[in-house]
Amino acid sequence: MSKKVLIIEDNDDIRENVIEILELAGYAVTSASNGKAGVELAFQDTPDIILCDIMMPELDGYGVLYMLSKRPETIAIPFIFLTAKAEHFDRRKGMEMGADDYLTKPFDDMELLAAIESRLKKKEGQQAFYSKSLDRLNTLVAKKDGLSALKKIIEERKARTIKKNQVIYYEGDKGNGLYLLVSGKVKTIKLAEDGRELMTGIYAADDYLGINAMLSSEAYADTATALEDSLLCLIPKEQLEELLNLYPEVAREFIKLLANDIREKEDQLLQMAYNSVRKKMAESLLRLQRQSGTDNFKIAREDLAAMAAMATETVSRTLSDFKEEGLIEKTGSTITIIDLARLTKMKN
């Protein structure tokens, strides 16, 4: 069955040219000459992908993207902006709103087809990631209606790609929902008065971010940044609040997650207050080993320093000592634990 493409473009020549190219490539194409008509078409017959101009009468491209984000049946549709505007601000604004890609006019046939094919393949890949995360969620779901409803909400949400070192939210931002990390790694940090970073958490696939802010209805208490290219699903606060009110078992599961998070932070505070440099480093390496599920992992020296609450020079010196003692191997930012038993004994 042919994939359905919706093109929303007010320039007749560009719109007709794109339609011709896509139909020759075997796509089923519908089109609209303004944003309002395009949104109506998307609601009537959900396309597989949308190409949309930014500057249009009645409703611009940003407005189209906003309207589509309000309905579960259209929020996950891959969305590509077609624009003659290449300024960084416009690109950033669109990506923050949930756009998947940009094509800058004029573009050729191969650029157009490659962009569409890439986004459709990426959506299929996201579905595979989702199936993995949602299968693990089955251990919580069982036959409980509330947790089944949570699973359904996650399935309907759109995953957003976050590039390495990109900020997901800042400390003090209003909590607008709960993030499910589908793939990748994310760190959360707080800044001390002297500008040093303290890593408050490190998260991997299937972890949730922002539970504290969601349950307390307060701003985020730290800043979340991607440690590597990651895929995140944002579950809106309004949907979660409705779910928590209807199904107490969902609230209980999140309270358990919050309790575990608090316990880990308490352990981290004790470590910073009382442990020696060597014990701090051993505990940090063991936390990374548990998090990654392997004895081999990558972490920047600065991130390890923030995690262990140590100066970067102290981190380098301590890692060198551990390497000389045969506890670890280190190549660049890659650390391999050689003697797990000795590290564990040192930590205790």
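Six bridges join strand β8 (residues 177-183) to strand β13, and the two strands run antiparallel. The model in which this pairing appears is a predicted one. Within the pair, Leu178 stands opposite Ile235 of β13. Strand β13 spans residues 230-236 and is mostly covered, with six of its seven residues buried.

The pair belongs to a protein with 13 helices and 16 strands. Of its 348 residues, 45% are buried. Among contacts with a separation of 6 or more, 67% are between residues 24 or more positions apart.

Cysteines can be taken next. Cys233 has 0% relative accessibility and therefore counts as buried. Cys52 also counts as buried, because its relative accessibility is 0%. A disulfide requires two cysteine sulfur atoms within 2.5 Å, and by this rule the count is zero.

Helix α2 covers residues 35-44, and its buried residues include Gly35, Gly38, Val39 and Ala42. These residues cover an arc of only 100 degrees around the axis, so they lie on the same side of α2. What do the buried residues of α2 pack against? Their partners are three strands, β1 (4-8), β2 (28-32) and β3 (49-53), together with helix α3 (61-69). At the start of α2, a side-chain oxygen of Asn34 comes to within 3.1 Å of the backbone nitrogen of Lys36.

Helix α3 can be followed through one of its residues, Leu68. Leu68 has a relative accessible area of 3%, which is under the 20% limit, so it is buried. Although Leu68 and Val39 are 29 residues apart along the chain, their C-alpha atoms are separated by 7.0 Å. Val39 is one of the buried residues of α2. With neighbours within four places in sequence left aside, Leu68 is in contact with Ala42, Phe43, Ile50, Thr74, Ile75 and Phe79. Of these partners, Ala42 is another buried residue of α2.

The loop between β3 and α3 contains Glu58. Is this residue buried or exposed? Glu58 counts as exposed because its relative accessibility is 63%, over the 50% limit. Its backbone has a positive phi of about 70 degrees, although Glu58 is not a glycine. Most residues other than glycine have a negative phi. Asn165 is another non-glycine residue with a positive phi, here about 75 degrees. Asn165 is placed in the loop between β6 (159-162) and β7 (167-169). With a relative accessible area of 58%, which is over 50%, Asn165 is therefore exposed.

A further backbone feature is found at Pro106, in the loop between β5 (101-104) and α5 (109-141). The peptide bond leading from Lys105 to Pro106 is cis, with omega near -5 degrees. Most peptide bonds are trans.

Strand β12 consists of residues 223-226, and Thr223 is found in it. Thr223 is buried because its relative accessible area is 12%, which is under 20%. The side chain of Thr223 reaches the backbone nitrogen of Glu171 at 3.0 Å. Glu171 is also among the contacts of Thr223 when neighbours within four places in sequence are left aside; the others are Val167, Tyr169, Tyr170, Lys187, Thr188 and Ile189.

The last region to consider is the largest nonpolar core. How many residues does this core have? It has 26 residues, and those with the most contacts inside it are Leu285, Leu304 and Leu343. Several elements each supply at least two residues of the core: strands β10 (197-203) and β16 (334-337), and helices α10 (277-292), α11 (301-308), α12 (312-324) and α13 (340-347). Leu304 gives a view of the surroundings of a single core residue. Apart from neighbours within four places in sequence, Leu304 is in contact with Met281, Ser284, Leu285, Leu288, Ile299, Val315, Leu319 and Ile335. One of these partners, Leu285, is likewise among the residues with the most contacts inside the core.

Key. Residues numbered from 1 in each chain as written. Predicted model: local features only at pLDDT ≥ 70, side-chain atom pairs only at ≥ 80, totals over all residues. Heavy atoms only, no water. Buried < 20%, exposed > 50% of the residue type's maximum accessible area, 1.4 Å probe, protein only. Helix = DSSP H or I, 4+ residues; strand = E, 2+ residues; numbered from the N terminus. Pairing = 2+ DSSP bridges. Arc of directions from axis to C-beta. Contact = heavy atoms within 4.5 Å. Polar contact = N/O pair within 3.5 Å; in protein donor to acceptor, adjacent residues only side chain to side chain. Core = buried A, V, L, I, M, F, W, Y, C linked by side-chain atoms within 4.5 Å.
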